[in-house]
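Welcome to a short set of exercises with worked solutions. Keep the model open beside you and try each task before you read on.

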Amino acid sequence: MGDVSTSTSARGPQVTVNGTSRSLGQTPSYLSLLDFLRGQGLTGAKEGCAEGECGACSVLVARPDGDGSAWVALNACLPPAVAYAGQEIVTAEGLGAPGDLHPVQEEMAQRGGSQCGYCTPGFVCSMAAEYYRADRAPGTATPDPERGPNGFDLQALSGNLCRCTGYRPIRDAAYALGSPGEDDPLAQRRTAPAPGAEATRVSDGAHEFVRPTTLSEAVALLADDRETRLVAGATDWGVAANLLMARSPVLIAVDRLPELRELHETGEHIEIGAALTLSEIEQQLAGRITLLDQLFGQFASRLIRNAATLGGNLGTGSPIGDAAPALLALDARLVLTGPGGDRVVPIADYFTGYRQTIRHPDELIRSVRIPVPLAATTAFHKIAKRRFDDISGVAVAFALDLQDGVVRRARIGLGGVAATPLRAYDAEAALQGRPWTLDTAQEAARVLGATGTPLDDHRASARYRTAMLRTAVLKFQAQTTSEEVDA
């Protein structure tokens, strides 16, 4: 493997796992956190899919939460292990042991939440993250099938799959959990700050991992002539590394850069840092952007949203990334930062071809700007084979300004129907200035059905995708007019 160099410390990069410091010094940049943990003898976490869809590899990571910290569940199969230098991780082994079970493990055992046990450690870690959520509280009198009487949000388990036990006993275990005791060490840990970003540089001669601590340092690294790859949550890169054996000469982690983790509002726009995770954005926006709020619940799973970022989702240039259609409908702008400083580009001009964008190799996405005021009537329709934790066959985002029943302004973003995400300009024109009626929606549906160049693939046929474009407009019109009537 060659000599490994690091600028972290004299001992080399370290990660704290279950309270014990472990060396990352001989870890190549492409080795996943899961493989590192299993190599350390912590075999509770399993590889089920190697692409972040099953949750068998779930672990807990300490993340900043105000002046303290929060335990966040992540897929360990995707991120490189060296990205966690200086971080704190808890696996299922660190929660409890035979004869001294953690409350989550105890409830899973008592209520029959495990059969073969393969997925159980992952479920336990995801369940523990929700168990320790600071604002978890008993539910209201209004029944919610996805929230327990103890305030447990079942979405916390949306990225964990079980193939033999069945979900009812697992749900029963989740809904039976009380609150952490005052002497619970993991609950006490939340009162102290989480570890900050730690400068890291590790190389085995062929592959190098670098975690810069400032934006200017990251830009300087990108300006180097060597082939580099940016990673934040690694939810895309990790899949390529696991399943396609992709390797990069230089991997640059930008997920903890302070300049990419800000969220603020001006009189002209809401600016969202490109390295904030989707879960962090959801929490900080607190429903202020309705269209994004509709997107979040349909974007992969909670495990993925705890790591994935807008910068990463847009940086891949994928035509089926779920964020792009919503941001197109919101008329968003992207702030790109390079050696020459910042430049602001409309997202409608950002995509140039299949997985190609106008971003230069020496630039990164710094933030996303969403103009205000926001459209009042919005919807995000995702057509996929599964309700959650799936890639869309078609995604359609709507943002309308209605005045006295007339469409004064329309924005429609599409994904999955062309080589790039699209703005549906012709369908927007068919709506603007017309009454928001079934006749108008039917005309817009006809126009929208002719938009893009949908293909036949394993997710959907071209004919089905076209039909879903038409149906989306009709469904949106029916939903919004019935809401107005009900109001």
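**Exercise 1: a hairpin**

In the hairpin of β18 and β19, which residue takes a positive phi?

Solution. Bear in mind throughout that you are looking at a predicted model.

- Step 1. Find the two strands: β18 covers residues 394-403, and β19 covers residues 406-415.
- Step 2. Look at what joins them: the hairpin has 2 residues between the strands.
- Step 3. Check the phi angle there: Asp404 takes a positive phi near 55°.

**Exercise 2: the neighbours of β18**

Describe how β18 pairs with β17 and with β19, and say how covered β18 is.

Solution.

- Step 1. Start with β17 (residues 377-383): this strand and β18 are antiparallel and share 7 bridges. One pair to find is Ala379 with its bridge partner in β18, Phe398.
- Step 2. Move to β19: here 9 bridges make the link to β18, and these strands also run antiparallel. Look for Ala399, which stands opposite Arg411 in β19.
- Step 3. Turn to burial: 7 of the 10 residues of β18 are buried, so the strand is mostly covered, where buried means under 20% relative accessible area.

**Exercise 3: a strand, a helix and a strand**

Work out which way β8 and β9 run relative to each other, parallel or antiparallel.

Solution.

- Step 1. Locate β8 at residues 228-231 and β9 at residues 250-253.
- Step 2. Follow the pairing: 4 bridges join these strands, and they run parallel. For example, Arg229 has Leu251 in β9 as its bridge partner.
- Step 3. Add helix α8 (residues 237-243): together with β8 and β9, the helix makes a right-handed β-α-β unit.

**Exercise 4: cysteines without a bond**

Why does Cys119 not form a disulfide with Cys162?

Solution.

- Step 1. Recall the chemistry: a disulfide is a covalent bond between the sulfur atoms of two cysteines.
- Step 2. Apply the cut-off: the two sulfur atoms must lie within 2.5 Å.
- Step 3. Compare: the closest cysteine sulfur to that of Cys119 is in Cys162, at 4.1 Å, which is too far for a bond.
- Step 4. Repeat for Cys164: the closest cysteine sulfur, in Cys116, is 3.7 Å away, again too far for a bond.
- Step 5. Conclude with the total: the structure holds 0 disulfides.
- Step 6. As an extra, compare accessibility: Cys119 counts as buried at 12%, whereas Cys164 is partly exposed at 35%.

**Exercise 5: empty space**

How many cavities of 30 Å³ or more are there, and how much space lies in the largest?

Solution.

- Step 1. Count: there are 4 cavities of 30 Å³ or more.
- Step 2. Take the largest cavity, with about 220 Å³ of space. Of its 25 lining residues, Arg63, Tyr84, Ala232, Gly233 and Asp255 are the closest to the centre.
- Step 3. Sort that lining by class: 14 residues are nonpolar, 7 polar and 4 charged.
- Step 4. Go on to the second largest cavity, with about 40 Å³ of space. Its lining includes Trp237, Gly238 and Ala241, and by class has 8 nonpolar, 3 polar and no charged residues.

**Exercise 6: an open pocket**

Which element gives the largest share of the lining of the second largest pocket?

Solution.

- Step 1. Note the volume of this pocket: about 1,100 Å³.
- Step 2. Find its middle: among the 37 lining residues, Arg133, Ser279, Gln283, Arg302 and Asn306 lie nearest the centre.
- Step 3. Name the element: β4 gives the largest share, 6 residues.
- Step 4. Finish with the classes: 10 nonpolar, 11 polar and 16 charged residues form the lining.

Definitions and conventions. Residues numbered from 1 in each chain as written. Predicted model: local features only at pLDDT ≥ 70, side-chain atom pairs only at ≥ 80, totals over all residues. Heavy atoms only, no water. Pairing = 2+ DSSP bridges. Right-handed = clockwise from strand over helix to strand, strands pointing away. 1 Å grid on protein atoms, 1.4 Å probe; cavity = no way out; pocket = protein on both sides within 12 Å on 5 of 7 lines; lining within 4 Å. Points joined across faces, edges and corners; volume = space filled by probe spheres on them. Nonpolar A, V, L, I, M, F, W, Y, C, P; charged D, E, K, R; others polar. Buried < 20%, exposed > 50% of the residue type's maximum accessible area, 1.4 Å probe, protein only.
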